[in-house]
Structures are given as C-alpha cells and as structure tokens.
Amino acid sequence: MDDGDEVTLVVPARPEFLGLVRVTVAGLASRLGFTFDQIEDLRLAIDELCFGLTGTKGKDGTLEVRFVLDEEGLAVHGEGHFAAGGTSGLSELSQIILGALVDEHSLTAAAFGPRFSFVKKREGPTTRQNPPGEGQ
Amino acid sequence: MSFDQGSRQELKERFEAYASSHDPALRAQLVSAYIGLAEYLARRFANRGEPLDDLVQVASLALVKAFDRFEPQRGVEFSTYATHTIVGELKRHFRDKGWAIKAPRRMQELYLRLGKLVGTMVQVLGRSPTVAELAAEAKVSEEEVLEALEAGQAYRSASLDAPAGSEEGEALAARLGDDDDSLDVAENRATLSPLLAQLPRRERLILHMRFFEGLTQTEIASQFGISQMHVSRLLARSLAQLRSAAEPNS
C-alpha cells in the first residue's frame, strides 16, 4: 500500500495534539469510503499507538504521522522524535486491542524514538468518488 | 436548596454538632439532606464531555469535603459554601481530566443528532453507514460530521467520554446480569486481570465483546440497545483509563 496518495502530519508529542491526528485519520478514511464503525476503530487505534509512544503526559519532541491511501485501504506510519529518545513497547492488552482494530500493526525502535505502523483495509460499500462536502 | 425555618434551625444544630463531633452518622444525615444540591450542580456541567455519573460522583465527594471544612460559626449558609466547593471541584475535575476544550454547542447538538441517525441508518442499510451517507442524511457537510465526531469525543489523556448519556448507560447497566461467564474468561487472563479489574463491569463487558470476541461497535450497540457512538465513547474512555493506570507513575 505504498503507491497511493500520502499525507504527513507533524505534531508536538503531547496528548492535546492527538485530536488532530484523529481528525486527520477520520477524514482520510472517510475519503476512502470507510464505514463509521471502521473510522471509530481507526481513531481508537491511533490513540492506542500514539499514547503508546508519548505516554499520557506527552514527551518533549514531535510525532510524525504519515498516512498512505490507496484502493485497498489506509496505512499509517508514525514516528516519535523525542529529545530523550527511548523506546516503547506494546502491552499484551494493547496488542489484543490493536489486533481487533486494524489488519496489521507493528511497533519498533528507531534512532530518535519508537516507530509504529498499521494497516486498515477498506470494507465499505463503495470507494468515494466525490471530494468531502460535495456528496450532497 | 431551600428549607423552611424549622428545618434550617435543625440543620444548623446538626452542623454545629458535626463541626465539634465529626460523627459519621451525623454527616450521613447531612449528606442526605444536601445530595440534591450536588446532583443539581453536576447536571449543570453535563454535556461537556464527561459522563453525568462521574460528575455526580465528583460533586458528591466535594459535598462531603464541604461538610468537613464548613465552619457554621462564620455565619455563611452551608448551601452557599457547598456550592462554591462543589463547583470548584467540578471545574478542577475538567481541568485535571484535560477537558478544558469545550466543544461548541452546535457541534455537541450535531453529535447527538448523528448518534441517533447512525442507529437508524444501521437498521436501514444493514451495516454501519459511511461518513458521506451520514452527512447526506443529516444535511451537513462531511467536515461537519468529522468535526462533530471529534468534538463529541474530545477525549484526551486521562479520561474520555462525550455528552453524558446517562439514560443509555442506565439502560445498558440494567441489561447486564450479575453473572457473566464470558467476562470471567477475559478476567482470568492473569496478566490482564489487574488492569481490567479497575474498570466498571459494564465497561469490562463491552471491552471484552469488542476486543476479545471481535464484535463490531454496531453489533455491541445492537445487543444492548444503545447507540454505536455510545459504545465508542465507553470503549475510548475505558482504554484511556487502562492507559493511565498502566503508566509507571500512576
């Protein structure tokens, strides 16, 4: 799923900015014709992974999230660029949660912090033809 | 709160007695007399993204705190003093929970409307609607749907929920039996038990159905007769609580 349109978002690695990431993933999933259920799953997955990177109190640094869209669905790649570096792991519960929410997921260590990615395949009725706001 | 003169005098005497004795039984009587004030003030803060049940709990604890700190000899009405204390605690609750962001009323209303529409459309379509379908049905733009979605669940680190759907919550709670074997299976997973045990039973059950049984939010909503968006809020709040509990310094 690496040949489609891409959107990259860089936000401070603090909880109050994760809403932007949720809105973005919801907007992009909507463009792909994801159902409401699937969009809610994506929002939960974003939270689970981003909070896994930043903790609930946030970190000094930024969170870079890259969204890749194609006919099959949506791939999301995130990377923390933290002053303190460090790695994060996913708890057993997080693994179970993500396994139920998305089709593939991973969390690994990178140079300046942890890196995650997940894929959610589209199961909606149709792929969108109209840009947002023109479907009425 | 308003009391007739006789009641006022009686309450005043009880306050004076409690101030000197700190008798728990006496405090229980006083709490009973003023619990309506706590509930009233909690409702004033509803629809700001925290469940009403939680707000009532915060307000009730603040009421107890007000009893402990109240000095009747100062001549201030207890209801005045308690109101100040309870409102302060409710505001602190929102601040501590990261709920300073208040969604515009228009978005709150749209969010509530969408919640009902989703339920209707699931019945008609036989599946969860797309945002485009929902926007068309609600006669708003897709951006507004997405904005409402986020505004309604303006959740953050510690706790998350949306407009207090207490009726739905009660309906759900009423449907939960005392015994549930499938839930026990999840709880018996040794490494998960301590975390899951921190959640209320209904949240544990919904979390179990979604993440262990693989039911969709719509399917869970259908089983309990509540909206999919309410299921979403409960899941999001539960996950946030689990994350917070798992923090090393929590």
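These are my notebook entries on a predicted model with chains A and B.

**Conventions.** I number residues from 1 along each chain as its sequence is written, and I letter chains from A and number ligands from 1 in the order in which they are written. Since I am reading a predicted model, local features need pLDDT of at least 70 and side-chain atom pairs count only at pLDDT 80 or more, while totals for chains, interfaces and linings use all residues.

**Entry 1, the sheet of chain A.** I looked up the strand order first and found an open sheet of five strands, β1-β2-β3-β5-β4, with antiparallel pairing; strands here are DSSP E runs of at least two residues, helices are H or I runs of at least four, and both are numbered from the N terminus. Two strands count as paired if DSSP finds at least two bridges between them. At the edges I noted β1 (5-12) and β4 (104-110) of chain A, each of which pairs on one side only. The twist averages 15° from one strand to the next; for all such values, axes are lines fitted to C-alpha atoms, for helices over the stretch in contact, and angles run from 0 to 180 degrees between N-to-C directions. Helix α1(A) packs on this sheet and touches β1, β2 and β3 of chain A, its direction making about 170° with that of β1(A).

**Entry 2, strand β3(A).** I then followed β3 (residues 73-82) of chain A, where eight of the 10 residues are buried, so the strand is largely enclosed by the rest of the structure. Buried means that 20 or more other C-beta atoms lie within 10 Å of the residue's own, exposed that 12 or fewer do, and partly exposed in between, with C-beta atoms placed from the backbone. On one pairing, β2 (residues 61-69) of chain A runs antiparallel to β3(A) over nine bridges, and a hairpin of three residues joins β2(A) to β3(A). Within β3(A), I found Ala75(A) as the bridge partner of Val68(A). On the other pairing, seven bridges join β3(A) to the antiparallel strand β5 (residues 113-121) of chain A. There, Gly78(A) has Phe116(A) as its bridge partner in β5(A), and Leu74(A) has Lys120(A).

**Entry 3, α2 against α3 in chain A.** The axes of α2(A) and α3(A) come within 9 Å and cross at roughly 150°, which makes α2(A) roughly antiparallel to α3(A). For these words, angles under 35 degrees count as roughly parallel, over 145 as roughly antiparallel, 65 to 115 as roughly perpendicular and the rest as oblique. I recorded the crossing of α2(A) and α3(A) as left-handed, meaning that the near helix is turned anticlockwise from the far one by less than a right angle, whereas clockwise is right-handed. Asp41(A), Leu44(A), Ala45(A), Glu48(A) and Gly52(A) of α2(A) meet Ser94(A), Ile97(A), Leu98(A) and Leu101(A) of α3(A). By class, the contact of α2(A) with α3(A) has five nonpolar, two polar and two charged residues; Ala, Val, Leu, Ile, Met, Phe, Trp, Tyr, Cys and Pro count as nonpolar, Asp, Glu, Lys and Arg as charged, and the others, Gly among them, as polar.

**Entry 4, where the chains touch.** I found 35 residues of chain A in contact with 40 residues of chain B, a contact being two C-beta atoms, placed from the backbone, within 7 Å. On the side of chain A that touches chain B, α1 (18-31), α2 (36-54) and α3 (92-101) each supply at least two residues, and the largest share, eight residues, comes from α2(A). That side of chain A has 14 nonpolar, 12 polar and nine charged residues.

I also looked up one helix pair across the chains: the axes of α1(A) and α7 (residues 142-152) of chain B come within 10 Å and cross at roughly 140°, in a right-handed sense. The residues of α1(A) in this contact include Gly19(A), Arg22(A) and Val23(A), and those of α7(B) include Glu142(B) and Leu146(B).

**Entry 5, chain B.** Chain B has 13 helices and zero strands, and buried residues make up 42% of its 250 residues. Here α5 (residues 105-125) of chain B packs on α7(B) at about 100°, with the axes 8 Å apart, which makes α5(B) roughly perpendicular to α7(B). The contact of α5(B) with α7(B) divides into seven nonpolar, two polar and two charged residues.
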